[in-house]
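Colleague: Before I rely on any of the labels attached to this model, I would like to hear the reasoning behind each of them.

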Number of protein chains: 2
Amino acid sequence: VPGGRAGLDVGGTKCLGVVLGADGGVVREARVPTPRGSDALVAALAGLAEELRPWDTLGLGIAGRVTLGGEVPASPNLRGVRDAPVRALLEAALGVPVPTANDATCATLAEWRMGAARGAGDVVLVTLGTGIGGGFVVGGRLVLGRHGFAGEVGHMVVDPDGIPCVCGRRGCWERYASGAGIAVQARVAAEAGRLDVVVGLAGGDPEAVRGEHVHAAARDGDPEALAVLDGFAWWVALGLANLVNVTDPEVVVVGGGLGTAADLFLEPVRRHLREWLYSPDERYLPAVVAAGLGEQAGAIGAALLAAEPAALPSDPGNERQLA
Amino acid sequence: VPGGRAGLDVGGTKCLGVVLGADGGVVREARVPTPRGSDALVAALAGLAEELRPWDTLGLGIAGRVTLGGEVPASPNLRGVRDAPVRALLEAALGVPVPTANDATCATLAEWRMGAARGAGDVVLVTLGTGIGGGFVVGGRLVLGRHGFAGEVGHMVVDPDGIPCVCGRRGCWERYASGAGIAVQARVAAEAGRLDVVVGLAGGDPEAVRGEHVHAAARDGDPEALAVLDGFAWWVALGLANLVNVTDPEVVVVGGGLGTAADLFLEPVRRHLREWLYSPDERYLPAVVAAGLGEQAGAIGAALLAAEPAALPSDPGNERQLA
């Protein structure tokens, strides 16, 4: 009896595992906190994989850059993981192949094969959370990039004189269009004396305002909260327009932690996308839709990796070494 | 005896045609001025194709957006061409199939198959001229996008409060990193009293300064001209870094009219690319190289279209109509 396809998704706080049944639906789920360091991480993943048994195949998604060989040079999301051959270590622990990719790449695969972008040939996915991740499908194939690093859309620079980024540059898109960005914009409005309802929800302290407070007030129709969300949508749309100009997709999927509030900001995103897109009246506009698989998207995509022909160069061995 | 593969490239000022011999080299070339209006354009292209005979196959590249069906909704480069089924009209005139794509897409194909990016699996090409065009190879396949519009990199917004663009938006990359951008930056320096040598080459009028004057002074080692080129390279690198973050290529090819001065600015572009790229010390850096095929690149790529399996979605008929 086949045991199904299992996938593990390593995030900054938790590792989530799923097993897919024959119809692609999730039949089992398990999770553990993400430990510090690559040895502890691999042990936790091996344990999670054992807990999920039985399964036939296993795949792995990891937050941060992942090489085509499943190595993590460094991840801002994973403490103590550096130059770590995570795939090789997990394969040694379990004795099975474990195809491995970036978590947003996995989420893209899942939303394309099973979720909001099903049936499309060209897809852009962005995950809006603490930062911004991304993934692409081009011409019916999942894009990994020459070294596995495609989709680092959060560090697309959209204002060279802009807000300093954790990455050391300035004006990265994720400073404006992520959960961190929405909080910054809300605090600016709060300190200017606007946003009373939102500040009240945050206990009266403008410094404590987070995205959730803005969402809650917006759901109650608070116009000041809605204005902050419109400004946030403006920045989301700017980056999406750049990605649409570059890749010309059929569907743009918006997921990640903020995806749960997509009903509040996707309509303004669509409106602002027309403003930012090159020649909007003389082109095809992509559909802009909310992700459909929630927090399981990465793990579901990891489970699908084993059977997916990705857009790989014909000779991935012919690559330059890490600097 | 086979007649070879012919390609036509429609630019804003001229239409250039080539025929490739069995080894891929150009064996014949012809050109005509680009006329106004789609009927005159198709007649000129048909005449050019006749002049180039004998050939076995014919392809077409066009400046501006080109749908997968070879229609031109509107092109800022072609006067009087709007909602024009250029491919269908030329096929009717000649009685042969004429695969058609955007000119930068054709140039990408040519540089990948015959030029500076030969052998690579993942390529970004940008053409720096009056504006900026672009094209991509992903996983060993030429990228067209869902509707044929992939590669509009010049209108990637890199400063939302920036210089107004001809497209109606602000801060498009091509305002800074094109021939127009270099001229603007040079004039600003000239009006600030710097750049005496360059202004002298322009006949003493800061308003008359163009890219060629900056290049000429830089070739003579003029430090003020070199500083302007360094500022230009900074902007080129910013946009390239965005494209590299998004697509993770093996090779970045810089072509277009400014490509002839690549020896003056590619080294500063490589240096600034490290500054703009996310996590440059923990990733593979792409090679950044000058295009190898000069002004014939688009026509050569058009000649290669007929035999090229592009990254097309499986069902291109399932698309939304032009707005």
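Colleague: Why is Cys165(A) called buried?

Modeller: Buried means under 20% relative accessible area, with exposed being over 50% and partly exposed in between (1.4 Å probe, protein chains only); Cys165(A) has 9% relative accessibility, so the residue counts as buried. Please bear in mind that this is a predicted model, in which local features need pLDDT of at least 70 and side-chain atom pairs count only at pLDDT 80 or more, while totals for chains, interfaces and linings use all residues. Residues are numbered from 1 along each chain as its sequence is written, chains are lettered from A in the order in which they are written, and side-chain values use heavy atoms, with hydrogens and water left out.

Colleague: What makes Cys106(A) buried?

Modeller: Cys106(A) has a relative accessibility of 0%, and therefore counts as buried.

Colleague: How many disulfides does the structure hold over all chains?

Modeller: A disulfide is a pair of cysteine sulfur atoms within 2.5 Å, and over all chains there are zero of them. For Cys106(A), the nearest cysteine sulfur belongs to Cys15(A) and is 13 Å away. For Cys165(A), the nearest one is that of Cys167(A), 3.8 Å away, and Cys165(A) is in no disulfide.

Colleague: What makes Glu250(A) and Arg146(B) a salt bridge?

Modeller: The rule asks for a side-chain nitrogen of Lys or Arg within 4 Å of a carboxyl oxygen of Asp or Glu, and the closest N and O atoms of Glu250(A) and Arg146(B) are 2.7 Å apart, which fits. Across the interface of chain B and chain A the rule finds six salt bridges.

Colleague: How is the size of such an interface expressed, and what area do chain B and chain A bury between them?

Modeller: The size of an interface is often given as the accessible area lost when the parts come together. Here buried area is the accessible area (1.4 Å probe) that two parts lose on being put together, summed over both, and for chain B and chain A the value is about 5,500 Å², 54% of it on carbon and sulfur atoms. Counting contact as heavy atoms within 4.5 Å, 66 residues from chain B and 66 residues from chain A take part.

Colleague: Which residues of helix 6 of chain B are buried, and what do they pack against?

Modeller: Helices are DSSP runs (H or I, at least four residues), numbered from the N terminus, and helix 6 of chain B covers residues 211–219, with His213(B) and Val214(B) among its buried residues. The buried residues of this helix pack against helix 4, helix 5, helix 7 and helix 8 of chain B.

Terms used: Helices (H or I, at least four residues) and strands (E, at least two) are DSSP runs, numbered from the N terminus.
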